[in-house]
Amino acid sequence: MVRLVVAVAIVAVASAVASIVRRRRAADPPTQGAFELPVQLDRNDFDRPESPWLVAVFTSATCASCADVVSKAVVLSAADVAVIEVAFQQRPDLHARYAVEAVPALVLADADGVVRAGFLGPVTATDLWAAVAAARAE
């Protein structure tokens with residue numbers, strides 16, 4: 001009888017230890033990093049730094065939707081709006097400097113380089129043009 005009690009106690013302790021070990025080994029779900037857009041640009045890093053507004057479109061040759069975003073942004077080009085494509089293959093230094101890790105990434109910066117609007121990923125022409133109009137109206 002004593003052996004049975006000891007055996008049951010050993011099994012209970014072993015089960016408890018196994019349960020604790022299993023809980024500690026259970027991996028938490030992977031965290032998802034959030035891609036962020038820059039909040040300030042040095043206007044001298046881009047063409048036409050004297051322009052009151054800059055639309056910088058960070059792209060990559062391997063990006064399927066980048067060309068679409070660039071084509072929508074180019075329409076905004078005017079005397080007071082510089083539209084610049086920053087392709088990763090030509091300017092990896094700017095992608096690194098502004099920590100652009102996902103493309104297409106579009107930012108609208110004022111004359112001081114303060115980013116007033118931005119889009120990460122595909123954007124509709126309506127949303128893009130409305131954001132530029134709203135920023136210019138401020």
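This text walks through a predicted model, from its sheet to its helices, an aromatic cluster and one arginine.

Start with the sheet. Four strands form an open sheet in the order S2-S1-S3-S4, and the pairing is mixed. Strand S2 (81-87) and strand S4 (115-120) stand at the edges. Each has a single partner strand, so one side of each is left without a neighbour in the sheet. From one strand to the next, the twist averages 15°.

Now take one pairing in detail. Strands of a sheet pair through backbone hydrogen bonds, either parallel or antiparallel. S1 and S2 run parallel, and seven bridges join them. One residue pair to look for is Trp-53 and its bridge partner in S2, Val-81.

Next come the helices on the sheet. Helix H2 (residues 66-74) lies across S1, S2 and S3. H2 runs at about 165° to S1. Helix H4 (residues 125-137) also packs on the sheet, where it touches S1, S2, S3 and S4. The direction of H4 makes about 170° with that of S4.

Turn to the aromatic rings. How many aromatic pairs does a search of the whole structure find? It finds two. In one of them, the rings of Phe-46 and Phe-58 have their centres 6.5 Å apart. Their planes stand at 85°, over the 60 degrees required, so this pair is edge-to-face. Phe-46 lies in the loop between helix H1 (2-25) and strand S1 (53-59), while Phe-58 lies in strand S1. The pair therefore ties together parts that are 12 residues apart in sequence.

Are these two rings' residues buried or exposed? Phe-46 has a relative accessible area of 5%, so it counts as buried. Phe-58 is buried too, with a relative accessible area of 0%.

Phe-46 also pairs with Tyr-98. This pair is stacked, at 6.0 Å centre to centre and 25° between the planes. It links distant parts of the chain, 52 residues apart. Phe-46 sits in the loop between H1 and S1, and Tyr-98 in the loop between H3 and strand S3 (105-109). Tyr-98 has 9% relative accessibility, so Tyr-98 is buried. Together, Phe-46, Phe-58 and Tyr-98 form one aromatic cluster.

Finish at Arg-97, which is found in helix H3 (residues 92-97). Beyond residues up to four places away in sequence, Arg-97 touches Asp-42 and Asp-45. With Asp-45 there is a polar contact, side chain to side chain, at 3.3 Å. The C-alpha atoms of Arg-97 and Leu-41 are separated by 9.6 Å, though these residues are 56 residues apart along the chain.

How values were computed:
Residues are numbered from 1 along each chain as its sequence is written. This is a predicted model: local features need pLDDT of at least 70, side-chain atom pairs count only at pLDDT 80 or more; totals for chains, interfaces and linings use all residues. Side-chain values use heavy atoms; hydrogens and water are left out. Helices (H or I, at least four residues) and strands (E, at least two) are DSSP runs, numbered from the N terminus. Contact means heavy atoms within 4.5 Å. A polar contact is a pair of N or O atoms within 3.5 Å; within protein, one must be able to donate a hydrogen and the other to accept it, and residues adjacent in sequence count only if both atoms are side-chain atoms. Rings of Phe, Tyr and Trp (its six-membered ring) pair if their centres lie within 6.5 Å; planes under 30 degrees apart count as stacked, over 60 as edge-to-face and the rest as tilted. Buried means under 20% relative accessible area, exposed over 50%, partly exposed in between (1.4 Å probe, protein chains only). Two strands pair if DSSP finds at least two bridges between them. Axes are lines fitted to C-alpha atoms, for helices over the stretch in contact, and angles run from 0 to 180 degrees between N-to-C directions.
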